Amino acid sequence: MDIDETLVRHVARLARLELTDGEVADMVPQLSRIFAHVDQVQDLDVGDADPATQAPVGLETLRGDEPGPVLGLRDVLSNAPDHDGAFLVVPRFFDDASDEG
Amino acid sequence: MDALFAPNHPLDQSVAVMAARVRDRSDSLSAQELVGAALARIEACNADLHAFLCVTPEIALEQARAVDAAVQAGQDPGPLAGVPLAVKDNLAVPGAPLTCASRILANYTPPTAATSVARAVAAGACVVGKTNLDEFAMGSSTENSAFGATRNPYDRTRVPGGSSGGSAAAVAAGLAPLALGSDTGGSIRQPAALCGIVGVKPTYGRVSRNGLVAFASSLDQVGPFGRTAADARALLQAIEGPDDADATTRAMPSVAASTPPSLAGLRYGTVREFDVSQVPGGADAEAAVDGVRARLRAAGATAVDLSLPLVTGSIPVYYIVAPAEASSNLARFDGVRYGHRAHDANSLESLYARSRDEGFGTEVKRRILIGTFALSSGYADAYYKRAMAARTALRAQFDAAFKRCDVLISATTPTSAFALGEKSDDPLAMYLCDVLTVAANLAGIPAVSIPCGRDSRGLPLGLQLWGPVGSEGRLLDLAAALAAETGLGYEAPTGYGGPA
């Protein structure tokens, strides 16, 4: 697997990570070495094993679809970086035209 | 310092004796005294070891007062009455910070308790503090903490292992008799081995992860550290069992102690692919385990030689599956609802990306990138699906092995504790520290690390017992029988706590 700066920047964008140029430069050789090792999965003899089994043990039971206790507003907002009354505040992300629409 | 670590100090007794003394009204030992003694040891030693990120005297003393009040009222305060408990700082203790050793959660305080913590406290344990870890439990040395590394109490120039290195160091140094950790790829067993104590990675589904900050949800398990198998069992017994708040938990036979197993007739498996005698620096670890195997055969046990070929692929499989799940789980850290928020973002998109770049450390970013790539369009079949197929096949190989033997025995780590900084610039070398532990997480089976003497430098080594799903009670029975047979067990590091 060839890993270069373009690929690292693409993956960082997918992961919503704004890496510095220095971080990108450091990641290229590190990820190249890691994937050289990880690429061994291609050579493993897995027979006809099913990749669909997500958890190591079966989920025999799911809980009933019943509402349970939930956190109160004060608890939910107690760790919020910014809030106004009952609302979380984030930077404005619609421009004025779409705002009116 | 002398009085802190005086011979026959109450904190250096077994958990059963400690709790029994607190519960016995005719004994003068109170929960508040035990907790006070632990807090005094932490105060004296934590600057050196940095095992704790946060000490919680108000919480511990309030819990201790409740235990003492219950004793005075003639009520049973539980099997862990008054026992000081250290909690890895990726588990929620209400009223105490929960940082995951990350800048992104530096100011986060959870409103509720993790189920494992709540159950330990209901059994009488008193939470004395939150312990250091590799950020988001990603690492094998506790050097990836945003708040500084933890030191190994046997040699303070060396790592305690990780990611639960603070919990392991705290127990090894006698600062708390019990600790909770989490194990996603070896994060309980590896530091237990490097700190010369007992650590248990339970069967997937035995212990609730409610209130554990998720790393890789199909691999994560909460488990105990103790100086002996009996101590670790006492904590595991308190926290095990189904929980409506974690749909992956399920009922399985309790880990309560049963009749000690006879070593005569035991069939123990030696897996060729777990032999580290040829790994650089691995000769001491394999020789120590070989010594135990010889004692087992002398006691009448039968050796079964096995090959599990997919074990050789367990690191590549793990370093696809775990980062893939981490990249998904850590998407929740976006600077909006909780955690660090970048101040100069002018759009929602840059708020996410900058908050995450400022908040996460390098190893966390690296794993998010690995996982995002392994799940990305065009690569998911070659990496993620392939790894999941290998995981299914690996599980089948363990199932077949446990038809031929009762337990597998291996070293826990290829080497003893390495020097601080030795591997911190080489992520792949750090990942390979987990070569003997990750397979248990991939297969969902339990494994226990127990002390196995010292290497040529005098540093602790660990022996790992692996069993089929649900067998950790028997593994702990066997651990106790092995300790009795071989005399191997916890030995306090010079200058710290005495014998358990």
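**View 1. Leu85(B) and its bridge partner in the predicted model.** Leu85(B) has Leu178(B), in β4(B), as its bridge partner. The model is predicted. The strands involved are β2 (residues 84-88) and β4 (residues 178-183) of chain B. They pair in the parallel sense, over three bridges. Leu85(B) also belongs to the largest nonpolar core, where it is among the residues with the most contacts.

**View 2. The open sheet of chain B.** Eleven strands make up this sheet. Their order is β1-β3-β2-β4-β6-β5-β10-β11-β9-β7-β8, with mixed pairing. At the edges are β1 (52-55) and β8 (302-306) of chain B, each paired on one side only. On average, neighbouring strands are turned by 30° against each other, direction ignored.

**View 3. Two helices on the sheet.** Helix α4 (residues 115-122) of chain B packs on the sheet. It touches β2, β3 (126-131), β4 and β6 (221-226) of chain B. The direction of α4 makes about 160° with that of β4(B). Helix α7 (residues 229-239) of chain B lies across β4, β5 (198-201), β6 and β10 (447-454) of chain B. The angle of α7 to β6(B) is about 145°.

**View 4. Helix α1 of chain B and its buried residues.** Helix α1 covers residues 15-23 of chain B. Its buried residues are Val15(B), Met18(B), Ala19(B), Arg21(B), Val22(B) and Arg23(B). They pack against α2 (31-49), α3 (57-72), β4, β6 and α7 of chain B.

**View 5. The largest nonpolar core.** This core has 184 residues. Those with the most contacts inside it are Leu80(B), Leu85(B), Val117(B), Ala120(B), Val128(B), Ile320(B) and Ala479(B). Domain 1 (3-243 + 250-263) and domain 2 (312-385) of chain B both contribute residues, so the core lies between them.

**View 6. The surroundings of Leu80(B).** Neighbours within four places in sequence are left aside here. Leu80(B) is in contact with Val15(B) and Ala19(B), both buried residues of helix α1 of chain B. Its other contacts are Ala120(B), Ala123(B), Gly124(B), Ala125(B), Ala234(B), Leu235(B) and Ala238(B).

**View 7. The contact of chain A with chain B.** Chain A gives 46 residues to the contact and chain B gives 58 residues. On the side of chain A that touches chain B, α1 (5-14) and α2 (21-38) of chain A each supply at least two residues. The largest share, seven residues, comes from α2(A). By class, this side of chain A has 28 nonpolar, nine polar and nine charged residues.

Methods:
Residues are numbered from 1 along each chain as its sequence is written. Chains are lettered from A and ligands numbered from 1 in the order in which they are written. This is a predicted model: local features need pLDDT of at least 70, side-chain atom pairs count only at pLDDT 80 or more; totals for chains, interfaces and linings use all residues. Two strands pair if DSSP finds at least two bridges between them. Helices (H or I, at least four residues) and strands (E, at least two) are DSSP runs, numbered from the N terminus. Axes are lines fitted to C-alpha atoms, for helices over the stretch in contact, and angles run from 0 to 180 degrees between N-to-C directions. Two residues are in contact if their C-beta atoms, placed from the backbone, lie within 7 Å. A nonpolar core is a set of buried Ala, Val, Leu, Ile, Met, Phe, Trp, Tyr and Cys residues joined through C-beta atoms within 7 Å. A residue is buried if 20 or more other C-beta atoms lie within 10 Å of its own, exposed if 12 or fewer, and partly exposed in between; C-beta atoms are placed from the backbone. Domain bounds come from an automatic or database domain assignment. Ala, Val, Leu, Ile, Met, Phe, Trp, Tyr, Cys and Pro count as nonpolar, Asp, Glu, Lys and Arg as charged, and the others, Gly among them, as polar.
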